[in-house]
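Q: I have a structure to go through. Could you walk me through the main features, starting with the charges?

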Amino acid sequence: RLEWVAASSYNASRATISDCEFDGAYTGLYGIELVGAPYDVKIKGCEFRELTAAGNAYAIIIISTSEAHPYMCKIVDNLFWENENHIGSFDQLRSFNASLIKGNVFYEGQGIASTLLLDMRGGASGNCIITGNTFCGDYSQAGGYYPNATKPGNWVGNIAEDVAEPE
């Protein structure tokens with residue numbers, strides 16, 4: 001759990017989580033929780049798998065944006081598979097702002113079909129850079145890939161083998 005609470009000693013901003021495994025063993029709820037908008041967080045080279053508790057599990061979830069939305073974060077070179085949801089929030093109102101999501105593999109898996117793979121709908125300013133990722137499954141909003149609602153940012157240079165639909 002990474003927290004930032006203004007006017008307190010809780011400040012996980014500029015934290016780095018590197019080369020870790022988050023294995024939910026098909027019962028885990030969250031891999032990493034962001035609360036109160038820590039900024040400049042780096043999540044690099046991690047593996048998130050089998051987080052599937054009760055329809056609300058997430059590999060990376062933004063729980064609260066009481067201060068702001070997470071800003072200038074880097075989610076780089078991670079592997080997401082067989083999680084109910086990979087990156088997002090409960091109500092799709094929270095997301096990353098001006099952040100980089102690069103070089104990740106978003107895989108649904110065999111044991112469970114992920115609902116939200118990369119949900120960037122929330123966030124006050126959006127404008128994230130989403131590049132160099134491998135998007136498995138149905139690369140569309142129906143497939144669980146959502147840009148920011150008002151400022152979608154830059155989704156370029158990603159790889160998707162979804163050839164069944166025109167998007």
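**Charges, fold and core**

A: The mean positions of the 10 positive and 20 negative charges of the protein chain lie 12 Å apart. Please note that this is a predicted model.

Q: Understood. What does the secondary structure of the protein chain come to?
A: The protein chain has 18 strands and zero helices. Its radius of gyration is 15 Å, close to the 15 Å that the globule rule gives for 167 residues, so the chain is as compact as a globular protein of that length.

Q: What does the C-alpha trace span along its principal axes?
A: The C-alpha trace spans about 50 × 35 × 25 Å along those axes.

Q: And the surface: how much of it belongs to carbon and sulfur atoms?
A: Carbon and sulfur atoms account for 53% of an accessible surface of about 7,700 Å². As for burial, 47% of the 167 residues count as buried.

Q: What share of the contacts with a separation of 6 or more comes from residues 24 or more positions apart?
A: Such pairs make up 84% of those contacts in the protein chain.

Q: Let us turn to the interior. How many residues are in the largest nonpolar core?
A: The largest nonpolar core holds 30 residues. Those with the most contacts inside this core are Ile 32, Phe 48, Ile 60, Phe 96, Phe 106 and Leu 118.

Q: Which strands each supply at least two residues of this core?
A: They are strand S4 (30-35), strand S7 (58-64) and strand S13 (116-119). S7 gives the most to this core, with three residues.

Q: Is there a general background to that?
A: In soluble globular proteins, nonpolar side chains tend to be buried together.

Q: Take Phe 106. What is Phe 106 in contact with, beyond its neighbours within four places in sequence?
A: Its partners are Phe 80, His 86, Ile 87, Ile 101, Leu 117, Leu 118, Asn 133, Thr 134, Phe 135, Cys 136 and Tyr 145.

Q: Two of those are isoleucines. Where is Ile 101 found?
A: Ile 101 is in strand S11, residues 100-102. With a relative accessibility of 0%, Ile 101 counts as buried, because the limit for that class is under 20%.

Q: Which residues does Ile 101 touch further along the chain?
A: Setting aside residues up to four places away in sequence, Ile 101 touches Ile 75, Phe 106, Leu 118, Met 120, Ile 129, Ile 130, Thr 131 and Asn 133. In addition, the C-alpha atoms of Ile 101 and Lys 74 are separated by 6.0 Å, with their positions 27 residues apart along the chain.

Q: And Ile 87, buried or exposed?
A: Ile 87 counts as buried, at 1% relative accessibility. Ile 87 lies in strand S10, and its contacts outside four places in sequence include Tyr 58, Ile 60, Phe 96, Phe 106 and Leu 118.

Q: How far apart in space are Ile 87 and Ile 62?
A: Their C-alpha atoms are 8.3 Å apart, and the two residues are 25 apart in sequence.

Q: Changing topic to backbone angles: what is the phi of Asp 77?
A: Asp 77 has a positive phi of about 60 degrees, although this residue is not a glycine. Asp 77 sits in the loop between strand S8 (74-76) and strand S9 (79-81), and at 42% relative accessibility Asp 77 is partly exposed.

Q: What about Ala 98 and its phi?
A: Ala 98, likewise not a glycine, has a positive phi of about 45 degrees. The loop between strand S10 (85-88) and S11 contains Ala 98, which is partly exposed with a relative accessible area of 30%.

Q: One last loop residue: where does Glu 82 lie?
A: Glu 82 lies in the loop between S9 and S10. At 11% relative accessibility, Glu 82 counts as buried. Glu 82 and Ile 130 are 21 Å apart from C-alpha to C-alpha and 48 residues apart in sequence.

Technical notes
Residues are numbered from 1 along each chain as its sequence is written. This is a predicted model: local features need pLDDT of at least 70, side-chain atom pairs count only at pLDDT 80 or more; totals for chains, interfaces and linings use all residues. Side-chain values use heavy atoms; hydrogens and water are left out. A nonpolar core is a set of buried Ala, Val, Leu, Ile, Met, Phe, Trp, Tyr and Cys residues joined through side-chain atoms within 4.5 Å. Buried means under 20% relative accessible area, exposed over 50%, partly exposed in between (1.4 Å probe, protein chains only). Helices (H or I, at least four residues) and strands (E, at least two) are DSSP runs, numbered from the N terminus. Contact means heavy atoms within 4.5 Å. The radius of gyration is taken over C-alpha atoms; the globule rule is 2.2 Å times the number of residues to the power 0.38. Accessible areas come from the Shrake-Rupley method with a 1.4 Å probe; for residues, only the protein chains shown count as cover. Lys and Arg count as positive and Asp and Glu as negative; His and the chain ends are not counted. The place of a charge is taken as NZ of Lys, CZ of Arg, CG of Asp or CD of Glu.
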